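Have your viewer ready? Let's take a short walk through this model, one selection at a time.

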Amino acid sequence: MSNPAMSTKEEKPEEQKGNQSSWKDFLYNPRTGEFIGRTASSWALILLFYVVFYGFLAGMFTLTMWVMLQTLDDNTPKYRDRVSNPGLVIRPKFMDIMFNRSDPLKYKQYVQHLESFLQPYNDTEQEKNDLCMYGEYTVQDQEEVKRACQFKRSLLGECSGLVDSSFGYAQGKPCVLVKMNRIIGLKPGGDPTINCTSKRESDLAMEYYPSEGRIDKMYFPYYGKKAHKSYVQPLVAVQLLLTREDYGKELSVECKLRGTDLRNDDDRDKFLGRVTFRVKVTE
């Protein structure tokens with residue numbers, strides 16, 4: 001009489017052989033020539049389909065990009081959602097200008113920053129640019145390469161670093177350069193000027209270079225970095241004529257763009273047409 005347990009044990013090797021054979025046939029069946037369930041011709045058709053499909057997608061993407069690029073101008077963005085009113089920024093690039101006028105190391109960073117920033121404004125560099133007509137826009141819409149108007153460093157007078165290499169910091173009368181952000185195509189109405197005030201009881205004496213803080217129209221419009229390669233932004237230098245009574249006090253100074261139709265009173269953007277910084281000088 002046979003033992004059921006013995007029979008089950010004898011059948012297991014046959015089942016294992018059958019499973020191994022099935023996996024081998026699935027990977028490659030020599031009788032049908034199939035690899036992972038498909039013949040070579042079937043795999044070739046699938047591969048061809050995906051090559052054609054992804055090739056078509058790549059072609060469509062390339063064509064779409066090419067068509068889009070034909071509509072773009074290298075010099076002017078097609079869509080400009082930024083406001084057409086420029087912001088104001090200062091140099092040296094610090095919102096808090098605090099130093100001891102008797103210690104050159106305390107104001108060295110400000111002087112170095114101004115000196116580095118003004119290198120493109122050196123008279124020898126600016127003499128390569130054009131002498132433009134004062135009081136008139138320099139419109140060059142039809143010219144492929146735009147001319148840049150001269151803005152010589154010497155126009156900044158006592159704040160040029162040519163007369164006083166410390167830009168007034170050694171005398172406790174620091175210079176601050178104010179400039180407008182570049183906006184392509186901007187032509188401000190009126191005569192733009194920079195005017196600064198100190199938030200204190202009595203007025204703080206200031207000197208402007210060029211005189212009256214004027215930004216001439218000839219520096220507008222701006223045509224972009226690619227077309228207007230040698231363009232430099234016009235500057236207004238403000239020298240704060242501090243006295244000994246001002247030393248040790250933190251003074252808040254606000255500079256605004258005036259005399260034009262450009263905005264300077266947007267409470268949501270404190271740099272739109274204006275800029276505020278703090279100064280504290282000790283001795």
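A cavity here is a set of grid points where a 1.4 Å probe fits but cannot get out. Keep in mind along the way that this is a predicted model. The structure holds two cavities of 30 Å³ or more.

**Stop one: the largest cavity.** Select M180, N181, R182, I183, L186, I215, F220, Y222, Y231, Q233 and P234, and you have its lining. The space inside has a volume of about 90 Å³. Which classes of residue make up this lining? Colour by class and you should find eight nonpolar, two polar and one charged.

**Stop two: the second largest cavity.** Now select T138, Q140, R147, A148, C149, M218, Y219, F220, P221, H228 and Y231, which line the second largest cavity. About 40 Å³ of space lies within. This lining divides into seven nonpolar, three polar and one charged residues. Leave F220 and Y231 highlighted for a moment: both belong to the lining of the largest cavity and also to that of the second largest.

**Stop three: an open sheet.** Switch to a cartoon view and look for four strands in the order 4-10-9-6, with mixed pairing. At the edges are strand 4 (96-100) and strand 6 (190-198), each pairing on one side only. From one strand to the next, the twist averages 20°.

**Last stop: strands 4 and 10.** Add residues 274-282, which form strand 10. How do strands 4 and 10 run, and how many bridges join them? They run parallel, joined by five bridges. To finish, zoom in on M98, which stands opposite K280 in strand 10.

Definitions and conventions. Residues are numbered from 1 along each chain as its sequence is written. This is a predicted model: local features need pLDDT of at least 70, side-chain atom pairs count only at pLDDT 80 or more; totals for chains, interfaces and linings use all residues. Side-chain values use heavy atoms; hydrogens and water are left out. On a 1 Å grid over the protein atoms alone, a cavity is a set of points where a 1.4 Å probe fits but cannot get out, and a pocket is an open set with protein on both sides within 12 Å along at least five of seven lines; lining residues have an atom within 4 Å of a point. Grid points are joined across faces, edges and corners, and a volume is the space filled by probe spheres set on the points. Ala, Val, Leu, Ile, Met, Phe, Trp, Tyr, Cys and Pro count as nonpolar, Asp, Glu, Lys and Arg as charged, and the others, Gly among them, as polar. Two strands pair if DSSP finds at least two bridges between them. Helices (H or I, at least four residues) and strands (E, at least two) are DSSP runs, numbered from the N terminus. Axes are lines fitted to C-alpha atoms, for helices over the stretch in contact, and angles run from 0 to 180 degrees between N-to-C directions.
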